[in-house]
Structures are given as structure tokens and as C-alpha cells.
Amino acid sequence: PTIPPATSQQWAPEAAVRVAVVVGKAGSSSPYRGAPWGEVLAHIAQRLQWTDSTFEMLVYDEAELAGPSSKEATSALQSVLKDGCQILVTVGVSEPSVVSLLQQLSSNEGAGTPGVRLFFESPPELQNASSLQGWTPWGSKNPITTALEQLAPWSKPAKTAVLWDTLSVLWQRKSSDDLLYVFLVLINEYVSPVKEVYMTTKGTDLKSLWCMVTKCGTQIKDCVTNPVCKAGLDCLQSCQFNDQICQYRCIVAHETPTFEQFALCILQKHNCRGLTAEMNMQPDHAPMSTFRGAPLTHEVAEDMLIGWMDPGRGSSPFSWLVAAGKNPAYDYFPCQHQLFSRGKGRGQMWYEPVFKVLLDKGAEVWRRRRYRVRRGSTPGTFHFSVLDNGVVSKEFWKILDADEALEWVLLGYTGAASTAGLSYSGAVLGTRDGSYPTAPDALQRLDAALGKAGIRPWELSFVDNSKCTGAPL
């Protein structure tokens, strides 16, 4: 994705949420594996609309606002801001003329400038013009506001200060998912409820607590009196907002039958927190349709998943070793072995990932999951389901592309753990030995296949496969 000219941009009539972003030095390297800032934010604009089709984000290049056609470009920006824009964000803006324009617009909220403005990585004079409906994240504050933040946690200034802490943490993590959540959190707080955000804090009211105590009292008692289970709860409590790496690491590092029964009762059986989540099917892309010059069939697609565990290919103890993926909660774990096998029924399979978990003080442990797999309606698509530490997850997978010699396979997925209020999506690149392909043709194909799935190569995380001996396969 690229940034379109300023004069060509206007809000779609159905856009209920309207966010404008100005990016400075759009061609400069970002912290997202060096991808140009303009590409990163244009991609986030796409992902925002995939989250909800009524969310729209228009991205402007500072260079155009300060260039030869600056008069037309700045007029177009001002027109968009006046036309119902609710949130204005800038990243790395430094051109004096653009800084001056944004300062002037910020001092005139009544003329249509949004009351929610955040100017990241900008000169102090512009950052000080930031505002979360009157609360300033940078610069000096009114002494009364400061006192309220400290003494009255229920007050609006105090709650806004907590919100800003959350936004700061998300911004500093430098992952594309967290950058998306910067905008989702702002929308949820100031424009319209966002399920992906408000579900994370739901279920702490008296009704939820009463459900937990009356229906799962035994499981709660067993967990809090079990040192490992209690340590898992404490670990989860310490995780910051949307830190899926921290959350899943806490779960797999402390998993015990006691913890599983605790989660199974509270979340899966009784859904005491009242959480829900659905798979996000956007962008809705097709799986690969041909393989080795012939139309892809269900049987061939299943053979591709089985990969190197097929006796005809050398009978490896695993199908694939994950080289990279696009889901930080999973890609954090080293040595992800994928084991696919056929089940007894037609079109039924099993998927068993075996991966390493790093514990405190250098200790490590291997974990294993067991998914049921059945064919989708289209060859190359599959439905996965698993009970993971007391919570059922359902997923939809697609084969995005694969090397003809099966040196690598790229799989995309979307899923939801409904009673945990969690939806997610991503991709995994499995290879024969866990190394990332280097051939130009392979890299070009991977880039194209990822693009169809709405993923950019710089969003991938590489899996550590340096110490994988001893895996219990």
C-alpha cells in the first residue's frame, strides 16, 4: 500500500469512524524491520478497515503538504479535518510549515479540528499541542489536573492518564498489531465501542464474580492453594494491555491440570465473564488453487500438510519446522515442530505442534497441543479446533503457497477463543529445516502470497531454531 495524493482523498459516505494521519519522512525507515513509515501506516489503514468496514483512516505525506503543491494539499487536509474527522495523529512531522499549520489548527478546535490529537515523535512545540479531549500527554499540566490524577483515580484526568499509559506501552512495543491497537483504543475511548478492546476489560463486575464464586468455587480454591497455578494467575495479572506474548507465556509456563480445570469452569463451561469473539475473515482471500501444474485437490492439500512426515519423503519425525510467523503470541516460542497426520475418517486429520517454552532462570520445558482438523469446502482450506488449557479455540486455515519440491509451505489462519474474548489471525512459514528461504524466486512468491492474505513481510517474526535437540516428537 502507498499514500495516495492528498487531493484525491475524502471520506467514504459510510465512514462512521474517521481518523486522519500525517506521516513525516514517509520514505524513511520505521522500527518495523526498516519498512518505510508511509508503507507501515498505509497498511495499518487497511487493517483498520478489515477490523470494521465503517472505520476509515486517511494517510497524508508531510512532504506533499510542504512541497510545490502545498496549497492544494493543505487545503485538502483541512477540508477532511472539518468533515467529521474525530482523531488526528501525526508521526515524525518536522517540516516547519507543516508544524506551524498543525499548531494553528490545534488552537482552533471550534473550526473542526478534532479534540483527540496525538503528535508522536515531533518537535516539542507540536507535541505540546496534543490533546485527549483537553488532557495533555506532553508538556506542562494544570496543577489541579495533576492532583486529580494522583488523588482521585475515578476522575476523568486520572482515567485519561491510565489510557495514555496504555497507548504509550502499545506505541513502544513496535509490533504491527500493537500499532493497530493504538488506533483501536483511541476509537473505543472517544468515538465508538470496539469489541476487540472492551472485551479485554469485561467480566470484573459483581455479576461475573458471583458466577465464579458460586459455580467454580472449588476450582478457584484448588488454584489459589496450588503454588504453580497461583503463580500462573499472578503472572497473568502482571501482563500489560494486549500483551499476548506475556499472557500466553504465563499460561504455557504454568500449565497444570489444576489451571486447566480453573479456566475450563470459569471461561468455557460457565463463561462467567460474558466474553465472546468471532473469527475475522477479512481480507477474504482464496487458497492456492494449483500445485505442480494441476488443480489442487483435498487429498493433495492434506499430503502437503503432512509434508516430510510422509514415508515417501524420508519419514521425518515432523512435518515442518516453523521458520517465521505473523502472530507474536506464538512466534515467541522456539523450535515449533508441526506434526500433521491423517485420522480414521475421510477428510479428518490431527495437528500436533511441539514447541519449547523458556522458563525463569534459564529453565525450559517442551509443550504439545493436539488439534482436530477437518477439510474445508474448498481444497486447501481446513477447520482446526483445540482445547488449550481449558479454553476451546476454533480456527480456519488456508494453504497460501508452497514450493513444488516442498522445501517450504506458507499457511494462513484466523481463529477465535470465544469464551476468552480473543480473536486472532496470522501466518506460519514451515520449512524442511526451520531456515528461512533465501532464493529470489521463493522470496518473491512469499511476498505475493502474504500480500493476498493482508500481511506484509516486515510483520513476520523469526522463530529461534538454534537449540532444538531433544524435542519429544
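Two strands count as paired here if DSSP finds at least two bridges between them. Keep that cut-off handy for the exercises below, and remember that this is a predicted model.

**Exercise 1. Which strands does β8 pair with, and in which sense does it run against β17?**

Step 1. Start with β17 (residues 461-462): two bridges join this strand to β8, and the two run antiparallel. Two bridges is just what the cut-off asks for, so β8 and β17 count as a pair. For a residue-level check, look at A324, which sits opposite F462 in β17.

Step 2. Now try β16 (residues 422-431), which is joined to β8 by four bridges, again antiparallel. Here A324 faces L429.

Step 3. Then there's β9 (residues 337-342), with two bridges to β8 and an antiparallel run. L321 of β8 has H337 across from it.

Step 4. Finally, ask how covered β8 itself is. The strand spans residues 320-325, and six of its six residues are buried.

**Exercise 2. In the open sheet of five strands, which strands stand at the edges, and why is one side of each left without a neighbour?**

Step 1. Write down the order: β2-β1-β3-β4-β5, with mixed pairing.

Step 2. Read off the ends. β2 (55-61) and β5 (131-132) are the edge strands; each has a single partner strand, so one side of each has no neighbour in the sheet.

Step 3. Add the helix α1 (residues 37-51), which packs on the sheet and touches β1, β2 and β3. Its direction makes about 165° with that of β2.

Step 4. Helix α7 (residues 156-173) packs on the sheet too, touching β3, β4 (116-120) and β5, and its direction is at about 40° to that of β4.

Step 5. Zoom in on one parallel pair: β1 (residues 17-23) and β3 (residues 87-91) share five bridges. One of the partnerships is A20 with L88 in β3.

**Exercise 3. How do α10 and α13 pack, and which residues meet?**

Step 1. Get the geometry. Helix α10 (residues 206-224) and helix α13 (residues 257-269) pack at about 170°, their axes 9 Å apart.

Step 2. Classify the angle. Anything over 145 degrees counts as roughly antiparallel, so that is the label for α10 and α13.

Step 3. List the contact. From α10 come M212, K215, C216, Q219, I220, D222 and C223; they meet T258, Q261, F262, C265 and I266 of α13.

Step 4. Sort these contact residues by type: seven are nonpolar, three polar and two charged.

Note on methods: Residues are numbered from 1 along each chain as its sequence is written. This is a predicted model: local features need pLDDT of at least 70, side-chain atom pairs count only at pLDDT 80 or more; totals for chains, interfaces and linings use all residues. Side-chain values use heavy atoms; hydrogens and water are left out. Buried means under 20% relative accessible area, exposed over 50%, partly exposed in between (1.4 Å probe, protein chains only). Contact means heavy atoms within 4.5 Å. Axes are lines fitted to C-alpha atoms, for helices over the stretch in contact, and angles run from 0 to 180 degrees between N-to-C directions. Angles under 35 degrees count as roughly parallel, over 145 as roughly antiparallel, 65 to 115 as roughly perpendicular and the rest as oblique. Ala, Val, Leu, Ile, Met, Phe, Trp, Tyr, Cys and Pro count as nonpolar, Asp, Glu, Lys and Arg as charged, and the others, Gly among them, as polar.
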